[in-house]
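Keep the structure open beside this text and follow along. We start in the middle and work outwards.

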Amino acid sequence: MSRLHIADTGLFVAMGQLSNSRYQAVRRFARRNDVTFVLPERVYEELTVDDPDVEAPPIDTAIDEDWATVASPLEFSEPVVSRMMDGVQRYIANADDRPADEVERADAALAALAAQHLSAGSAAEVYIYTTDIAAGEGAETVLASEGYGDSVTYVNGFRFIEDLVTGDS
């Protein structure tokens, strides 16, 4: 059974820099469990800001070490991908009481990437790692409305990292 592990910006920001114990713990987890975290392009773009005043998380190191990768572009011509983007943006907007057009498209891209792989049959199980509760719950809810409820798990990124660091996982 194929599993897809999708990571959000917040997971890598929470991990910190290479020397950080949180980063080390997630890297160990990925290597021990043969997990490759897949990032939607929009997430990668958020993590690679070209600003000298911002210390960007070392996503490129994770990619070089083969425990993270950037996904192929989303197929917006696939109706399920567009429905996921719209549905998750609406869910987050309602949860945060703000207009849907102000919701980060990277958050919605998590569910869209999951739907793209589930509908194509290239994944049977999807784990979405995010520190944004509304994005995680929105992804689960909207994917469930498409019939993928049993195939998707939202993983709270902060709790995931804390469990790894404290040895609970």
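In this predicted model, an open sheet of 5 strands runs in the order S3-S2-S1-S4-S5. The pairing is parallel. Strands of a sheet pair through backbone hydrogen bonds, in either a parallel or an antiparallel way. Which strands stand at the edges? They are S3, residues 68-70, and S5, residues 152-156. Each has a single partner strand, so one of its sides is left without a neighbour in the sheet. From one strand to the next, the twist averages 30°.

Take the S3 edge. Strand S2 covers residues 37-39, and 3 bridges join S2 to S3. The two run parallel. Leu39 stands opposite Val70 in S3.

Now cross to the other edge. Here 5 bridges join S4 to S5, again with the strands running parallel. One pair to find is Ile128 and its bridge partner in S5, Tyr154. Is S5 largely enclosed or left open? Of its 5 residues, 4 are buried, so the rest of the structure largely encloses S5. An edge strand, then, lacks a neighbour in the sheet on one side, yet S5 is still largely enclosed.

Helices cover the sheet next. Helix H6, residues 105-120, lies across S1 (3-7), S2, S4 (125-130) and S5. H6 runs at about 170° to S4. Helix H7 also packs on the sheet, where it touches S4 and S5. The direction of H7 makes about 175° with that of S5.

Look for Ala114 in helix H6. Its relative accessibility is 0%, so Ala114 counts as buried. What does Ala114 touch, beyond its neighbours within four places in sequence? The contacts are Ile6, Val126, Ile128 and Leu143. Ile128 is the residue whose partner in S5 is Tyr154. For a sense of scale, Ala114 and Asp66 lie 48 residues apart in sequence. Their C-alpha atoms are 20 Å apart in space.

Move on to the helix pairs. Helix H5 spans residues 79-96, and H7 spans residues 133-145. The two pack at an angle of about 130°, with their axes 9 Å apart. That angle makes H5 oblique to H7. Their crossing is right-handed. From H5, the contact is made by Arg83, Met84, Gly87, Val88, Tyr91, Ile92, Ala95 and Asp96. From H7 come Ala134, Ala135, Glu137, Gly138, Ala139, Thr141, Val142 and Leu143. By class, this contact has 10 nonpolar, 3 polar and 3 charged residues. Leu143 of H7 thus takes part in the contact with H5 and also touches Ala114.

Stay on H5 and find Gln89. Is Gln89 buried or exposed? Its relative accessibility is 7%, and because buried means under 20%, Gln89 counts as buried. Leaving out residues up to four places away in sequence, Gln89 touches Ala100, Val103, Arg105 and Ala108.

The second pair is H2 and H8. Helix H2 covers 21-32, and helix H8 covers residues 157-166. They pack at an angle of about 90°, with their axes 9 Å apart. H2 and H8 are therefore roughly perpendicular to each other. H2 contributes Ser21, Arg22, Ala25, Val26 and Phe29 to the contact. H8 contributes Phe160, Ile161, Leu164 and Val165. These residues divide into 7 nonpolar, 1 polar and 1 charged.

Two loop residues close the tour. Most residues other than glycine have a negative phi. Asp34 is not a glycine, but has a positive phi of about 50°. Where does Asp34 lie? The place is the loop between H2 and S2. Asp34 is exposed, with a relative accessible area of 72%.

Asp97 has a positive phi of about 50° too, although it is not a glycine. Asp97 is in the loop between H5 and H6. Its relative accessible area is 72%, so Asp97 is exposed.

Terms used
Residues numbered from 1 in each chain as written. Predicted model: local features only at pLDDT ≥ 70, side-chain atom pairs only at ≥ 80, totals over all residues. Heavy atoms only, no water. Axes fitted to C-alpha atoms, helices over the stretch in contact; angles between N-to-C directions. Parallel < 35°, antiparallel > 145°, perpendicular 65-115°, else oblique. Left-handed = near helix turned anticlockwise from the far one by under 90°. Contact = heavy atoms within 4.5 Å. Nonpolar A, V, L, I, M, F, W, Y, C, P; charged D, E, K, R; others polar. Pairing = 2+ DSSP bridges. Buried < 20%, exposed > 50% of the residue type's maximum accessible area, 1.4 Å probe, protein only.
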